[in-house]
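I opened my notebook to look up how the protein and the DNA meet in this model, and how the protein chains are arranged. My entries follow in the order in which I looked.

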There are 2 protein chains.
Amino acid sequence: MPKKTFYNLSEEKRNIIIETAIDEFASDSFKNASISKIAERAGIAKGSLYQYFIDKKDLYKHIIEISGNKKLEYLTDCIARIEGLKLFELIRELYKQGILFTIENPKLASITNNFLKETDTRFKEEILGTNMEKSNQFFEMLIEKSKQKGEVKNEIDTKVGAYIITHLNTAIVDQVLNHMEFSEILLNQEELLDKVDKMLFILESGFNS
Amino acid sequence: MPKKTFYNLSEEKRNIIIETAIDEFASDSFKNASISKIAERAGIAKGSLYQYFIDKKDLYKHIIEISGNKKLEYLTDCIARIEGLKLFELIRELYKQGILFTIENPKLASITNNFLKETDTRFKEEILGTNMEKSNQFFEMLIEKSKQKGEVKNEIDTKVGAYIITHLNTAIVDQVLNHMEFSEILLNQEELLDKVDKMLFILESGFNS
DNA sequence: TGACATTATGACTGGGTGGTCATATAATAT
DNA sequence: ATATTATATGACCACCCAGTCATAATGTCA
């Protein structure tokens, strides 16, 4: 968390710093992102950054938190509709909102994605606190409910099912990001949703004929 | 590719260098791996390394090539049996061999996995040459064949199907690696295969009841 | 033994990094 | 206007890096 001095800054200055940090962390991993560059590009002295944040990790934590909150904004609507939707209707909505978030906030999406790819588990825990594995547990809960409703096969292993759904979600976000980097074209959202539907169709009914 | 001087070295010395490089690239990304450390740990002068390899990328290329070849050894057997097996029997074998490779060669697996996570597409192309996307195309071909045999639903999108199978494969390898890092216990191979079976069951028959 | 080619070496260059700290500036309070 | 507190600064520290190159050591052939 930032020091008090950071919140004494004008909102404008705070925004510049945050935006610059987002830029930097979006284009490099935590390790390779540069505090020096952030300071330079934000037009402040490096020493000042250390007046606002304890250290690099502290700034990173704050940016990760911002990312998470922003993404939550995209998901809360459909999470609110949990009760009314069938499992795969809900998953479709979640995937869709994930894609939307990625398209509208590519830098934030890239940051959270880079973070997920981080291998150092201790580091991850340190940054996320207790919030880890939340996504997996959420899907596990959904699957259990759907089993009880008779929507989903009982023979299915809940944990493995949640694992599949989580991983394909991040895989999709990853692909969106890479395409956006490569061809600068804002890729067709409908085409993407079509892919998602094809994917969910496979998950729902299986490969076998 | 290494310079001629590298191949003039004794096999022993060559092996030490390769092993040390594998260690280094396994524990850090290309960017963060250190030539200086490799030289120091291999007990040779840094300048010598540059007598054997053009630059860092050249050494990395060679290590990636070694990894790829070693993994191919694990897969050729079951690839040879393509004709006799059903789609998911084959996929099971491929996943299984992938896990086996990862357990028996965790460093090499970690290197290839880190490489796959690399975001810079140009860099990837430069390292791999034309070999990119091979895995995806392979699965696409398999799915097409299985459709013709009537094993697999025709309504399924081949590309999306291959995408799912490829991504879940790398996700599994990833999990194996992380577990190995964390608990130093050689994790139960049967337990893993059980998870794979549960995963394939879902893919074969779908979530819906 | 001497002449030549090959290989080994590590100090060095120019660049980067996170983080510190004495000092300068600005703001506030008296 | 003075004293006190809060913020801004950038030179500086210790460290790391990839890659170079003149020199030294070693090997090879005559």
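Entry one, phosphate contacts. I began with the side chain of B:S48, where an N or O atom is 3.3 Å from a phosphate oxygen of DNA strand C. I should keep in mind that this is a predicted model. On the same chain I looked up B:Y52, whose side chain has an N or O atom 2.6 Å from a phosphate oxygen of DNA strand C. In chain A, the side chain of A:Y50 places an N or O atom 2.7 Å from a phosphate oxygen of that strand.

Entry two, the surroundings of the strand. How many residues surround DNA strand C? I found 20, and the closest are A:S34, A:I35, A:Y50, B:N8 and B:Y52. By type, the residues of this surface divide into 7 nonpolar, 8 polar and 5 charged. I then turned to the DNA side, where sugar or phosphate accounts for 60% of the strand C atoms within 4 Å of the protein, while the rest belong to bases.

Entry three, helices. At least two residues of the surface near DNA strand C come from each of α3 (35-42) and α4 (46-52) of chain A, and from each of α1 (4-8) and α4 (46-52) of chain B. Which element gives the largest share? I noted α4(B), with 4 residues.

Entry four, the two copies. Chain A superposes on chain B by a rotation of 180 degrees with 0.0 Å of shift along the axis, at an RMSD of 0.0 Å. The copies are thus related as by a two-fold rotation axis. The C-alpha of chain A nearest that axis belongs to A:G206, at 1.8 Å. Finally, 100% of the interface residues of chain A are also interface residues in chain B, so the copies meet through the same surface.

Definitions and conventions:
Residues are numbered from 1 along each chain as its sequence is written. Chains are lettered from A and ligands numbered from 1 in the order in which they are written. This is a predicted model: local features need pLDDT of at least 70, side-chain atom pairs count only at pLDDT 80 or more; totals for chains, interfaces and linings use all residues. Side-chain values use heavy atoms; hydrogens and water are left out. A residue is near a molecule or strand if one of its heavy atoms lies within 4 Å of it. A polar contact is a pair of N or O atoms within 3.5 Å; within protein, one must be able to donate a hydrogen and the other to accept it, and residues adjacent in sequence count only if both atoms are side-chain atoms. Ala, Val, Leu, Ile, Met, Phe, Trp, Tyr, Cys and Pro count as nonpolar, Asp, Glu, Lys and Arg as charged, and the others, Gly among them, as polar. Copies are superposed by least squares on the C-alpha atoms of residues with pLDDT of at least 70 in both. Contact means heavy atoms within 4.5 Å.
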